[in-house]
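Work through the following exercises with the model at hand. Each task is followed by a solution in steps.

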Amino acid sequence: MAKKESTLNNMFFTLLIISLISTALLSFVYIKTKSPIEKVTELKKNLAIKKVIPEFNNSPINECIKLPIKQLKGNDSITLDTLKIYLGKLNDSITGYAIETFSNEGFSGKIKLMVGFLPDGIIKTIEVIEQNETPGLGDKIYKTKSKFSLQFEGKNPQNFKIFVKKDGGDVDAITAATITSRAFCDAVRRAYDGFNYAKKLSNSN
Amino acid sequence: MNQIKNFTKGFLKENPIFVLVLGMCPALGTSSSALNGLGMGLATTFVLVMSNIVISIIARWIPNKVRIPSYIVVIATFVSIVDLLMKAYTNTPGPNGEPSLYDQLGIFIPLIVVNCIVLARAEAFASKNDIISSAIDGLGIGLGFTMALFLLGSIRELLGNMSILNHKFIKDDGILLFVLAPGAFITLGFLIAIMRKITAKIYKNK
């Protein structure tokens, strides 16, 4: 079969057909993978909650406090994202707060963390949920890759300044990944605000 | 016989990294550890084989002037499919909380679209050859790419992180330079030199 000539009609219809077929194919794969992706995201969240707070026997996903984070932009305040605060309870007494927090200051966009607080405000553990940092450098925020996130454990933000040392705080930054370290601190500080908010809420009840 | 040659050329004679020196961005970006390199290589191989097959079928109907955009749409479709599949099925964290493969490769998967090897094979090979040769060409080149990334990743991981396949055998940090981009260039330079030496010997004997 001879090659088609590059007339306007030929070009138009070729591109149209190719785009249509690939759109159909992509929609099919998207629909097929939608529920596995949701399941895996849910599973990861559950695992992260389990890791960051002490024993609990309620279902924290159903006891979630949402705290919208607003940022001033000009005269308007826009909602950046929502902090999700999960309460872990053992026989109705709170054993810990798992706070899903974020920072938009990462080297390649958003970083999402799960920070676990004990009821007295001490940080128990921090888990990374989502990140796009440079492999081999910024991804040292993972516990398995370096000790960076371990330095927060057992610290109370009241007397442990969550800023990297360059900015006058107490946190040792990851070598060659200061921006990532700053973003990490930003997310943890935000989580602490969320903790205070949840604490006040549960005290007033 | 011809198909065997077609397959093996991707490893030495036309290795995309060491000989053609194509697709440097993902090669240097994702080869910070052996497993990352392997994952990236295999994902690229899948895209290469699939896009080569499809392009070798449809190339005869595509008008010359719109062939590049058409190829890009085909490639982008397959990359998005890989991205979705990996997000769904390689996204479970390891038993000790290691990040999943999808988390590790992060932003590099969508970047397969702009990997010039994929487009180069479509333009230079698949559009002029039949389905079977194109599929074999894609597989050979893809596995050659995977091999190169795995080699590059292993060396960088060994020197930069003091570990082999994520198993640390010395507690301390390695030479950080090798995890960074300059280390990738240095390692690549030495590897290309070694490969040249080997291939020169092989083809002299023929």
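**Exercise 1. Contacts of one core residue**

Task: State which residues F78(B) touches, leaving out those up to four places away in sequence.

Solution. Step 1: apply the contact criterion, C-beta atoms placed from the backbone and lying within 7 Å. Step 2: with residues up to four places away set aside, F78(B) touches V47(B), M50(B) and S51(B). Step 3: note the basis of the numbers. This is a predicted model in which local features need pLDDT of at least 70, side-chain atom pairs count only at pLDDT 80 or more, and totals for chains, interfaces and linings use all residues. Residues are numbered from 1 along each chain as its sequence is written, with chains lettered from A and ligands numbered from 1 in the order in which they are written. Step 4: check the confidence, where pLDDT is the predictor's confidence in each residue, from 0 to 100. Chain B has a mean pLDDT of 83, and 93% of its residues reach 70 or more.

**Exercise 2. The nonpolar cores**

Task: Place F78(B) in its core and name the helix that gives the most to this core.

Solution. Step 1: a nonpolar core is a set of buried Ala, Val, Leu, Ile, Met, Phe, Trp, Tyr and Cys residues joined through C-beta atoms within 7 Å; buried means that 20 or more other C-beta atoms lie within 10 Å of the residue's own. Step 2: the largest such core has 44 residues, and V47(B), F78(B) and V82(B) have the most contacts inside it. Step 3: helix 3 of chain B gives the most, with 11 residues; helices are DSSP runs (H or I, at least four residues) and strands are runs of E (at least two), numbered from the N terminus. Step 4: a second, separate core of 42 residues includes A98(A), V128(A), I141(A) and Y192(A).

**Exercise 3. The fold of chain A**

Task: Describe the order of elements in chain A and one strand pairing.

Solution. Step 1: the 2 helices and 5 strands of chain A follow the pattern α-β-β-β-β-β-α. Step 2: strand 2 (residues 76–90) and strand 3 (residues 93–106) of chain A pair in the antiparallel sense over 7 bridges, where pairing requires at least two DSSP bridges. Step 3: G88(A) has G96(A) as its bridge partner in strand 3. Step 4: these two strands form a hairpin with 2 residues between them, and N91(A) in the turn has a positive phi of about 50 degrees.

**Exercise 4. The chain pair**

Task: Count the residues in contact between chains A and B.

Solution. Step 1: 34 residues of chain A are in contact with 36 residues of chain B. Step 2: the model scores ipTM 0.73 and pTM 0.72.

Terms used
Two residues are in contact if their C-beta atoms, placed from the backbone, lie within 7 Å. A residue is buried if 20 or more other C-beta atoms lie within 10 Å of its own, exposed if 12 or fewer, and partly exposed in between; C-beta atoms are placed from the backbone.
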